[in-house]
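Notebook open, coffee ready. Today I'm looking up a few side chains and one helix, and jotting down what turns up.

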Amino acid sequence: MLNKLNQHPGVYLVGSGPGDPGLLTIKAQSLLESCDILVHDFLVSDQIMGYVNPAADEIYVGKKGFTRHITQDEINELLVQLATKNPEAVIVRLKGGDPYVFGRGGEEGLALHEAGISFEVVPGVTSGIAALAYAGIPATHRGLAASMAFITGHEDPTKPNSQINWEYLAKGVDTLIFYMGVKNLPNIVENLTKYGRPLDEPVALVRWGTNPEQESLVSDLEHVVKEVEARDFKAPAIICVGKVVELKEALSFFENKPLHGKTIAITRARAQASNMHTQLLEAGAKVIEFPTIKIEPCLDHDELIDFCEHVGEYSWLVFTSVNGVDTFFDGLLEIGKDSRALSSIKVASIGSATAEHLLDRGIVPDLIPDEYKAEGVLEALLERGVGAGDKVVIARAKKTRQVLNEGLEAKGVEVKVMEVYETHADGGDIQEAFAEALKAGEIDAISFSSSSTVDNFIKLIKDSFESEEEMKSYLEKLCIASIGPITSKTLNTYGIAPTIEAEEFTINCLVQDIISYFKK
Ligand code: SAH
């Protein structure tokens, strides 16, 4: 984990990179985590926003929320005011890419300087380098390009005294990298060819570089304008002119990822979604989290205290889920105890993720059955000699299947069920938007990791459709990924057949199966 750097009060002009949260610098992340005030004007990804100190004041100075576009002078003034009024605060002015590359960071720095306010700059990975790299284009290359230039593509072409020396660029610089140039592309092409850049010179456009939505287009100076028009290729994009574009096919990696261009929804409790989210992102997918479930601890403290006092009477403690582990051990802490309270009892875990959470709490499970279901634990416990006269405690959610306790009771085992948490349907307010995306065909797959995610998902979205039939007709068009036979059965009760069912009851396996499905 990142050690928090101790940030001093003051203003920081921070680059957030081109979109991929992994390209944020350590210094930028640390500042986001410790800032008191955040000023930003572009849509920062949820993942990057996830780093921001939850207690920070967030000031959005972009178009949204303002009836008109706030001017640069007003932003400069705002930063000066904020710094003057909050001398003890860490103020982060976050900017896309690098603050000093077409980011107007210099103007903000000058305004602060003139007001006598000290500030620091945290450079970011600029899109002109990163978007190209993710598209397979190195900005320089031995034998192909010994020089490069970053150029604004935004300059008004009718301006009498252009700041851009087109003749020099066309003749003297190998790789030309234009920012903000999509609208102005015809003028860029005209100026370059006018001064001798050949018509067959390769050109590439990369939009939303480093983001899951990344797309690129390769052409040459003669044809690029027509092709951009034909594909309706829109900003924000970097335009690259030069021989290095020829390397794209060999060096492209991001757009070749197995789930690139696919949008996958995950229907888990928000707190649990991050592992699956990360794995899907790494495979190139765009991930939408549709939470569906909220977990609330419901452990009765008196019951837990009583259990701890009598723990010696029990032989096994069984955990059936990650949430069960977390809520149980949190409850233990709340009554002033820790894992030592369990020193005399054996611990069983359903599934490897549950076992990992036990390890985090200092417990090495005595039993992790091969089959990740209640039936598997039942069998394994019986094999271990659990039988009549034994006392077993199961820590689990309210309202779950009774297979394990009924099976044990049938063998004469005394079973104590400790309900440690409960789940509620919770769409996190995105159900309407999600249904719209579903109707628009913007979602390629939905994954379900338990029966309750299925029940809650249907409950949350069905009202956005005319009828259940209509809802089903949309769901049938996509890949429905189920984590196992019980979840599949629940899908069947709604008339939905899962497209894939994970071979093994784990998130890793579910992700792998989704990847294999889309590879085909
Ligand atoms: N300071 C930023 C640039 C801001 S100007 C940086 O260093 O990257 C805005 C322009 O940057 C856009 O018009 C587009 O040309 C480019 N841009 C920003 N993010 C991009 C991305 N992810 N992919 C492609 N181009 C991007």
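Entry one. I started with Glu-120, which has a relative accessible area of 37%, so I put it down as partly exposed. Reminder to self: this is a predicted model.

Next I wanted its partner. Which side chain does Glu-120 meet in a salt bridge? I found Lys-27, with 3.7 Å from N to O. Lys-27 sits in helix H1 (residues 26–34) and Glu-120 in strand S5 (residues 119–122), so this pair ties together parts that are 93 residues apart in sequence. I looked up Lys-27 as well: its relative accessibility is 35%, so it counts as partly exposed too.

Entry two. How many salt bridges does the structure hold? I noted 22, and picked out some more of them.

Lys-416 and Glu-303 meet through their side chains, at 3.3 Å from N to O. This pair also links distant parts of the chain: Lys-416 is in strand S17 (residues 414–426), Glu-303 is in helix H11 (residues 301–309), and they are 113 residues apart. Is Lys-416 buried or exposed? Its relative accessible area is 19%, and buried means under 20%, so Lys-416 goes down as buried. Glu-303 comes out at 23%, so I wrote "partly exposed" beside it.

Then I checked Glu-201 and Arg-197, whose side chains form a salt bridge at 3.0 Å, N to O. Both of these residues are buried.

I also came across a network of salt bridges, which links Asp-41, Arg-93, Lys-95 and Glu-108.

Entry three. On to helix H3, residues 72–85. I counted 14 residues in H3, and the helix reaches 20 Å from its first C-alpha to its last, close to the 20 Å expected.

Which residues of H3 are buried? My list reads Gln-72, Ile-75, Asn-76, Leu-79, Val-80, Leu-82 and Ala-83. Looking down the axis of H3, I see these buried residues fall within an arc of 165°, so they line one face of the helix. The spacing in my list made me recall a general point: an α-helix has 3.6 residues a turn, so residues three or four places apart point the same way.

What sits on the other side of H3? There I found Asp-73, Thr-84 and Lys-85, which are exposed.

Last, I looked up what covers the buried residues of H3. The cover includes four strands, S1 (10–15), S2 (37–40), S3 (57–60) and S4 (90–95), along with helix H4 (105–114).

Methods. Residues are numbered from 1 along each chain as its sequence is written. This is a predicted model: local features need pLDDT of at least 70, side-chain atom pairs count only at pLDDT 80 or more; totals for chains, interfaces and linings use all residues. Side-chain values use heavy atoms; hydrogens and water are left out. Helices (H or I, at least four residues) and strands (E, at least two) are DSSP runs, numbered from the N terminus. The expected span of a helix is 1.5 Å times one less than its number of residues. Buried means under 20% relative accessible area, exposed over 50%, partly exposed in between (1.4 Å probe, protein chains only). The arc is that of the directions from the helix axis to the C-beta atoms. Contact means heavy atoms within 4.5 Å. A salt bridge is a side-chain nitrogen of Lys or Arg within 4 Å of a carboxyl oxygen of Asp or Glu.
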